[in-house]
Amino acid sequence: MSRKTLFSIRAAKSSRKLGTNVPFTRSLRFFGVLNRPPPSYPGHIPLTGFEKIGLTVGSAVMSLFNPKRGDLIAALGEATATPYFIYRLRDVMLSSPTGRRILRDRPRISSSTIDMSYMRNLPVNTVGRAYAKWLDREGVSPDTRDQVKFIDNEECAYVMQRYRECHDFYHAITGLPVVVEGEIALKAFEFANTLLPMTGLSLFAVTRLKPKQRQRFFSIYLPWAIRNGIIGKDLINVYWEEVFEKDEDELRNELGIEKPIDLRSLRARKVK
């Protein structure tokens with residue numbers, strides 16, 4: 001299947017006309033710094049158009065120089081998700097029975113909502129065990145995700161929060177590590193699957209890779225990301241809390257996702 005055909009598939013999926021779509025003009029809010037509206041939800045910070053532009057440019061530039069600044073990447077994600085892309089992703093959830101349940105239940109992923117001891121003791125090759133193993137191996141906590149604050153619509157703010165908190169599950173089922181090379185590969189996959197601009201903009205970080213790493217990315221991981229992100233099902237509609245005990249290979253098959261070549265193994269061979 002050609003790359004052009006793959007993009008056509010994702011474009012068709014993203015152009016579904018749903019009765020819940022919010023018109024472009026209604027998603028814009030015009031106000032100034034002297035008449036800023038009240039917050040739409042706890043922690044919400046309404047921004048003017050100029051403030052959003054400044055936030056976008058500033059966070060994009062700074063995160064390129066310091067990709068480990070999660071707060072900058074989070075701000076970039078929120079600033080570039082409106083006025084269209086986060087509504088599109090919300091509508092993807094509304095088009096799915098499982099997605100609608102997630103929007104209704106509003107589950108959160110953190111150490112206070114997930115029993116990590118239970119996850120670590122699940123059978124080998126289950127989704128929950130893979131998630132716990134990945135967190136332990138990478139030294140990551142489910143409590144590191146910033147709260148959404150720059151998206152005006154409260155429901156769309158939850159959609160962004162859900163995407164953000166599920167990011168580590170994407171790592172777990174693909175096996176990609178948190179090193180820059182692995183994050184870029186996963187962001188490429190997320191861009192093909194969600195169309196969120198921040199995930200696409202993150203690909204500029206490929207300039208930080210060494211020549212052999214860039215070659216590996218373009219020859220192995222970018223083709224994998226495009227193919228699986230476009231053909232695979234929408235990951236935003238996975239109710240992760242309900243699949244902890246499912247076999248991870250079975251879940252990948254259901255989602256139409258292939259596990260990429262183990263990046264840590266390639267790096268261990270010093271193929272750089």
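This is a short talk on the fold, two helices, a surface patch and the salt bridges of one protein chain.

Good morning. One caveat before we start. The model is predicted.

Let's take the overall fold. The protein chain has 13 helices and zero strands. Read along the sequence, then, the pattern is α repeated from start to end. The chain runs to 272 residues, and buried residues make up 48% of them. What about contacts along the sequence? Take contacts between residues at least 6 apart in sequence. Of these, 72% join residues at least 24 apart. The accessible surface comes to about 13,400 Å². Carbon and sulfur atoms account for 58% of that surface.

Now helix 9. It covers residues 180-194. How far apart are its end C-alpha atoms? They are 20 Å apart. At 1.5 Å a residue, 15 residues should span 21 Å, so the two values agree. Helix 9 is also mostly covered, with 12 of its 15 residues buried. Look at who is on that list. There are nonpolar side chains, among them Ile184, Leu186 and Phe189. But Glu181, Lys187 and Glu190 are buried too. So are Asn193 and Thr194, at the end of the helix. Then comes Leu195, just after helix 9, with a positive phi of about 65°.

Next, helix 7, residues 127-138. This one has 12 residues. From first C-alpha to last it reaches 16 Å, close to the 16 Å expected at 1.5 Å a residue. Its buried residues include Val127, Tyr131, Trp134, Leu135 and Glu138. A reminder on helix geometry. An α-helix has 3.6 residues a turn, so residues three or four places apart point the same way. Keep that in mind as you look at the buried set, with Val127, Tyr131 and Leu135 in it. What do the buried residues of helix 7 pack against? Four helices: helix 6 (116-120), helix 8 (154-174), helix 12 (248-255) and helix 13 (263-268). After helix 7 comes Gly139, and its phi is positive, near 70°.

Stay at that end of helix 7 for a moment. Glu138 forms a salt bridge with Arg137. The closest N and O atoms are 3.2 Å apart. How do the two partners sit? Glu138 has 11% relative accessibility, so it counts as buried. Arg137 is partly exposed, with a relative accessible area of 42%.

That brings us to salt bridges in general. The structure holds 21 of them. Here is another pair: Asp168 and Arg145, with the closest N and O atoms 2.6 Å apart. This pair links distant parts of the chain. Asp168 is in helix 8, and Arg145 is in the loop between helix 7 and helix 8, 23 residues apart. Is Asp168 buried or exposed? At 3% relative accessibility, it counts as buried. Arg145 is partly exposed, with a relative accessible area of 25%.

A third pair is Glu250 with Lys246. Here the closest N and O atoms are 3.5 Å apart. Glu250 is partly exposed at 39%. Lys246 is partly exposed at 21%, and the cut-off for buried is under 20%. There is also a network. Arg90, Asp91 and Glu155 are joined by salt bridges that share partners.

On to the surface. Which residues form the nonpolar patch? They are Phe50, Ile53, Val57, Val61, Met62, Leu64, Phe65, Leu201 and Phe204. Together they have about 960 Å² of accessible area. Which helix gives the most to the patch? Helix 2, residues 49-65, with seven residues. Phe50 is one of the patch residues, and it lies in helix 2. Phe50 is exposed, with a relative accessible area of 75%.

Last, the cysteines. How many disulfides does the structure hold? Zero. Cys156 counts as buried, at 0% relative accessibility. Cys166 counts as buried as well, at 1%.

To recap. We have 13 helices and zero strands. Helix 9 is mostly covered. Buried residues of helix 7 pack against helices 6, 8, 12 and 13. The nonpolar patch draws most on helix 2. And there are 21 salt bridges, with zero disulfides. Thank you.

Methods: Residues are numbered from 1 along each chain as its sequence is written. This is a predicted model: local features need pLDDT of at least 70, side-chain atom pairs count only at pLDDT 80 or more; totals for chains, interfaces and linings use all residues. Side-chain values use heavy atoms; hydrogens and water are left out. Helices (H or I, at least four residues) and strands (E, at least two) are DSSP runs, numbered from the N terminus. The expected span of a helix is 1.5 Å times one less than its number of residues. Buried means under 20% relative accessible area, exposed over 50%, partly exposed in between (1.4 Å probe, protein chains only). Contact means heavy atoms within 4.5 Å. Patches are made of residues with over 30% relative accessible area and no salt bridge: like charges are joined within 9 Å, nonpolar side chains (Val, Leu, Ile, Met, Phe, Trp, Tyr) within 5 Å. Accessible areas come from the Shrake-Rupley method with a 1.4 Å probe; for residues, only the protein chains shown count as cover. A salt bridge is a side-chain nitrogen of Lys or Arg within 4 Å of a carboxyl oxygen of Asp or Glu. A disulfide is a pair of cysteine sulfur atoms within 2.5 Å.
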